[in-house]
Amino acid sequence: MSSTEAAGSFRPARWGLAAKLFTTLVLLGAIAVLVTGVLGYFRAQNALEKAVFDQLTAARQTKTRQVETYFRTIQADLRLLATSKMVVDATRELRIAVDQLDRAGVPPELQKKVGDWYAANFIPEMTRILGREPALSDYLPVGGAPYHLQYHYIVENPNPAERRKLLDDAGDRSDYSRLHAVYHPLMRAAATTVGFFDFMIADPKSGRLIYTVQKEVDFTTSLQLGPYRRSNAAAVVARCAESADRSAVCLEDFALYAPSGGAPIAFMGAPVIDQGIVIGVLIAQLSNEEIDDVVTGGRRWRQEGFGETGEAYLVGPDYLVRSGPRAFYENRDGYFAELKSVGADDEELDAIQRYGTPVLHQRIDTKATQAALAGVEGTGETIGYRGVPTLASWGPLAIPGVKWALVAKIDSAEAFAPIARLRQDLLLVGGLALLVVAATAAWLSRALLGPLRELTAGVKRFAAGDYGASVPVRTRDEIGQLCAAFNGMVEELREKNVVIENKNRENEELLLNVLPAPIANRLRGGEDKIADGFAEVTVAFADLVGFTALTSEMPPQEVVTFLNGLFTRFDAAANDLGIEKIKTVGDAYMAVCGLPVPVANHAERMVRMAIRMVHITREHAMEHNVPMKLRVGVNSGPVVAGVIGKSKYIYDLWGDTVNLASRMESGSIPDAVQVTRAVYERLKDQFVFEPRGPIEVKGKGKVEAWLLRL
């Protein structure tokens, strides 16, 4: 070996241990950042897509349940009314009265007056809707009864069209008007209570609509021979007339209905059966507005998580929409421009403009609607009805009698917008991470303080509220012992925290059973004296008439069961209407609307609650075969509300408004709702009241009062 070679053999290394460690750590960090970034990007993209589909599916399923529940409720109400004695008697007697008028014929001058009214009022409206003037003869009724009754209840009705239902007796001295004066107030109240747009009775033999609440131009027309013989109303009568099953309910899909101004109307019918024979068909006329409000979420798409382009819509078996698309409500000009750009014909666009709604006019035939109408649920990216890619969730609705599909969708561009931002963020974060890795590697190359860093990180997580934080014990020295002690402390505190959270949850549930949620929140927030003044609320008192005498003959267990069942139904009605139950004392029930959260229509809600309570009491008394009625008193005005008590909290009301409401109840008559002037002035245009005049009120003298016509 030469001297030169020997010198090269002992040359010092170019890379020291610290440099090698630094380089290794930087390379490992760069690889980790790259792998993590790429995996994170694709997983985030998949997770986002899944989250969007999950959100759309959840929204679709929720709206599907809401629509199905709406129809189930209508079916139950209709079946119940169709079997009631009121409807059976009314059907039997009104059929006879209408037949009498048919046999009597119609004077030519009266027939001319009805025809003139159609020409002046109905034909112009149909001309505007149809885009052409139809023949008057196409809409005139057939038979003597329609001309007679439409003249007295429509042409000569002193009320405007939307309030024709307020006329109880036309004064023509016919048997029909005598019966109408008896049954119409009850039918009108039933329709208002259950929320029907119109409430009709048809004679299955002649197909004649012998009674309607709203008194539109289909009143007493024949659905077999008259102008509406091809309507969905005629179809529902024909179907129900064939079934003598009391549980049968027939539903006809939405269609354009001329008597309602060409609006989309669906009909649900139930047979009226007397001694095993179908003597009539009870029909509920359903407006599309209720369904549209459910599907569009009250047109609050952003609040429901649909962003800027998301929405849900219903389609029928004809691929025509049963709810309005979002763009129609938010940007009418843009909506028509988009439809035209994707090939919608001028006839379709003209129909939407003339009728003022896309329902039953706009066609949506996409992959999503085809699959849903075929009975298949699913999700995927499709081309939407606006011609742009969308993420959609679709599925059918389970409503007997109709074949509908519901689609929830959002534009793909909006759904994947976060991914583009994520890519930019990952590049930025990746660069910063490499800098951090380099700095950390330089530090670690000088001092290996890993266990201490882990312990510090564990302490920070614990301080931030992560009670499951723990650190690995890597050594047996003082740092290792400190890590073990920290883990033991965290575990002990976590167990104690679980116990505390369980106790807090139990206490919160107990508190919410006693107090309204906003008041309970304030009490938990530290307020010890809760008292508020409310300028406008409505208070109701209800009391069972004859309950004390009744309970004297009943065992205590039956008394409690009877009263609990009745008040539980009251509570359910109050929850539906947004009314706060205050308390019950014996057989008395007190409630308020307008607090602790103020609402604008508190008086209307409370009157509807009073109506429900009277009907519930009647039904409960009939079910238990007991003679019992309800008195209700209602008053509006200012009150003071607050929490009293320490060992047993109670939320109560005080003030003249409360006292006068109580006096309205005690001074009322059984099976009636008595209100003060404050309530009457607010609701006189919405409900029918009968003045009772001044009545003697304890501590107040003479006070004016009105009785609500039920």
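How many bridges join strand 8 (residues 389-396) and strand 9 (residues 405-411), and in which sense do they pair? Seven, in the antiparallel sense; two strands count as paired here if DSSP finds at least two bridges between them.

## What you're looking at

This is a predicted model, where local features need pLDDT of at least 70 and side-chain atom pairs count only at pLDDT 80 or more, while totals for chains, interfaces and linings use all residues. Residues are numbered from 1 along each chain as its sequence is written, and side-chain values use heavy atoms, with hydrogens and water left out.

The protein averages a pLDDT (the predictor's confidence in each residue, from 0 to 100) of 86, and 90% of the residues score at least 70. Go easy on residues 1-13: pLDDT stays under 50 there, and the model gives that stretch one contact (heavy atoms within 4.5 Å) beyond four places in sequence.

## The four-stranded sheet

Back to strands 8 and 9: they belong to an open sheet of four strands in the order 6-9-8-7, with antiparallel pairing. Strand 6 (311-315) and strand 7 (378-383) sit at the edges with a single partner strand each, so one side of each has no neighbour in the sheet. On average, neighbouring strands here are turned by 30 degrees against each other, direction ignored. Strands and helices are DSSP runs numbered from the N terminus, with at least two residues (E) for a strand and at least four (H or I) for a helix.

If you want a pair to click on, Leu391 has Ile410 in strand 9 as its bridge partner. Over in strand 7 you'll find Gly378, which counts as buried (under 20% relative accessible area; exposed is over 50%, partly exposed in between, with a 1.4 Å probe and protein chains only) because its relative accessibility is 19%. Leaving out residues up to four places away in sequence, Gly378 touches Ala392, Ser393 and Trp394. Its C-alpha is 9.5 Å from that of Phe53, 325 residues apart along the chain.

## Two bent helices

Helix 4 (residues 108-130) bends by about 40 degrees at Ala119; the bend is the angle between axes fitted to the seven residues ending at a position and the seven starting there. The buried residues of helix 4 include Trp117, Tyr118 and Phe122, and its buried residues pack against helix 5 (144-155) and helix 11 (346-355). Right behind helix 4 comes Gly131, with a positive phi near 80 degrees.

Helix 6 (residues 175-194) has a kink too, of about 40 degrees at Tyr183, shortly before Pro185. From first C-alpha to last, its 20 residues reach 28 Å, close to the 28 Å expected at 1.5 Å a residue. Among the buried residues of helix 6 are His180, His184 and Arg188. Just after helix 6, Gly195 has a positive phi of about 85 degrees.

## Strand 13 and its partners

Which strands pair with strand 13 in the antiparallel sense? Strand 10 (residues 531-545) does, over 13 bridges, and so does strand 14 (residues 650-654), over five bridges. Strand 15 (residues 672-675) pairs with strand 13 in the parallel sense, over four bridges.

Ala641 of strand 13 is the bridge partner of Asp532, and Ala641 also stands opposite Leu653 in strand 14. For strand 15, look at Arg631 and its bridge partner Ala672. Strand 13 (residues 629-644) is mostly covered, with 12 of its 16 residues buried.

Terms used:
Expected span 1.5 Å × (residues − 1). Axes fitted to C-alpha atoms, helices over the stretch in contact; angles between N-to-C directions.
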